[in-house]
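Thank you all for coming. I would like to walk you through one structure this morning, beginning with its sheet and ending with one of its helices.

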Amino acid sequence: MEIQQINDIKRGYFEALEDGKEGGKMTYTWAGDSKFIIDHTEVSPDFNGKGVGKKLVMASVDYARANNLKIIPLCPFAKSVFDKVPEIHDVLFS
């Protein structure tokens, strides 16, 4: 599975692709220059139970770490991942 990121000035998304099919998408909105808000995560029914949502959240964590950014997980799914994985709290905006 490949995770791609599309980013522009105000918003962006991470997209999971496998064999040309979209497995899921996680959207975010910039909240200034140093943080972004994860506002929605959606997984295609064909990919349910395959960890696609978590892979999208982890891709956003990698991106935040690489660029010294913080994340505000307003999306309930993304928030649940942050609640369950304390190792990623370094990028959590508080």
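Let me begin with a definition: two strands pair if DSSP finds at least two bridges between them, and strands (E, at least two residues) and helices (H or I, at least four) are DSSP runs, numbered from the N terminus. Please keep in mind that this is a predicted model, in which local features need pLDDT of at least 70, side-chain atom pairs count only at pLDDT 80 or more, and totals for chains, interfaces and linings use all residues. Residues are numbered from 1 along each chain as its sequence is written, and side-chain values use heavy atoms, with hydrogens and water left out.

On the screen you have an open sheet of five strands in the order 1-2-3-4-5, with mixed pairing, and its edges are strand 1 and strand 5, each of which pairs on one side only.

At one of those edges, strand 1 (residues 2-7) runs antiparallel to strand 2 (residues 11-18), and six bridges join them; the two strands form a hairpin with three residues between them. Within this pair, Ile 3 stands opposite Ala 16, while Gln 4 stands opposite Glu 15.

Turning to helix 2 (residues 76-84), its buried residues, meaning those under 20% relative accessible area with a 1.4 Å probe and protein chains only, are Ala 78, Val 81 and Phe 82. Seen down the helix axis, they fall within an arc of 100 degrees (taken from the directions from the axis to the C-beta atoms), so they line one face of helix 2. The face turned away from them carries Pro 76, Asp 83 and Lys 84, which are exposed, that is, over 50%.
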